[in-house]
Amino acid sequence: MSGTPIPALHKAMNLLAARPLSEIELLNRLRRAGYSDPEADAAIAECRKRRYLDDNQLTQDGVTALRERNLGGRQIRLRLQRRGLDPEQIQAQLEQDPEAEFSAAVRAKATKERLLKTEPDPRKKREKLFRFLAGRGFSSEVIFRVLDTAPPGESAGFTDEYQ
């Protein structure tokens with residue numbers, strides 16, 4: 001690359017300063033800003049070379065951040081794939097700590113249970129918790145495991161009929 005910076009590189013660096021982007025997100029934003037594909041590709045290559053752009057790190061950070069927000073694997077996969085990240089890398093990150101999804105589901109359940117304290121019907125409470133956790137992207141296997149787990153000294157809050 002010559003000593004004169006290319007305008008697309010400046011735009012790319014400004015975009016990356018605002019928030020981390022995947023290569024595809026950056027390419028799309030540069031295209032929308034009116035840069036040609038060769039200019040955008042050159043800017044992306046330079047950002048990659050300078051280590052401003054790293055989809056592997058973005059995937060790892062994304063999985064961690066979304067898990068901390070108590071989301072399940074399906075929701076994490078969906079959100080990161082929308083950002084143009086590699087599904088195989090996402091899956092590999094999710095599989096690194098299989099108990100992390102269970103822990104996130106337990107935290108999400110605890111949050112929702114506080115809102116459901118007034119629900120008198122245990123069956124309705126269980127159904128609402130199930131729908132809530134499913135909407136957050138947890139697998140049914142994890143949801144059933146979480147719903148059947150109660151804090152020590154307490155029952156799960158459900159009759160035997162529904163377990």
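**A nonpolar core built on helix α1**

In this predicted model, the largest nonpolar core comprises 14 residues, and Leu 26 and Leu 30 have the most contacts inside it. Three elements, α1, α2 and α3, each give two or more residues to this core. Of these, α1 gives the most, with 5 residues. A grouping of this kind fits a familiar pattern: in soluble globular proteins, nonpolar side chains tend to be buried together.

Leu 26 offers a handy view of how the surroundings are put together. Leaving aside neighbours within four places in sequence, Leu 26 is in contact with Ala 12, Leu 15, Leu 16, Leu 21, Ile 44 and Leu 53. Apart from this core lies another one, of 12 residues, which includes Ala 104, Ala 108, Leu 133 and Leu 147.

Helix α1 itself deserves a closer look. With 12 residues (7–18) at 1.5 Å a residue, α1 should span 16 Å, and the 17 Å between its end C-alpha atoms agrees with that expectation. Buried positions in α1 are Ala 8, Leu 9, Ala 12, Leu 15 and Leu 16. Viewed down the axis of α1, the buried residues fall within an arc of 125°, so they line one face of the helix. The general geometry helps here: an α-helix has 3.6 residues a turn, so residues three or four places apart point the same way.

The other side of α1 presents the opposite picture, with Asn 14, Ala 17 and Ala 18 exposed. As for the buried residues of α1, their cover includes α2 (23–32) and α3 (37–49), and both of these helices are also among the elements giving two or more residues to the largest core.

Notes
Residues are numbered from 1 along each chain as its sequence is written. This is a predicted model: local features need pLDDT of at least 70, side-chain atom pairs count only at pLDDT 80 or more; totals for chains, interfaces and linings use all residues. Side-chain values use heavy atoms; hydrogens and water are left out. Helices (H or I, at least four residues) and strands (E, at least two) are DSSP runs, numbered from the N terminus. The expected span of a helix is 1.5 Å times one less than its number of residues. Buried means under 20% relative accessible area, exposed over 50%, partly exposed in between (1.4 Å probe, protein chains only). The arc is that of the directions from the helix axis to the C-beta atoms. Contact means heavy atoms within 4.5 Å. A nonpolar core is a set of buried Ala, Val, Leu, Ile, Met, Phe, Trp, Tyr and Cys residues joined through side-chain atoms within 4.5 Å.
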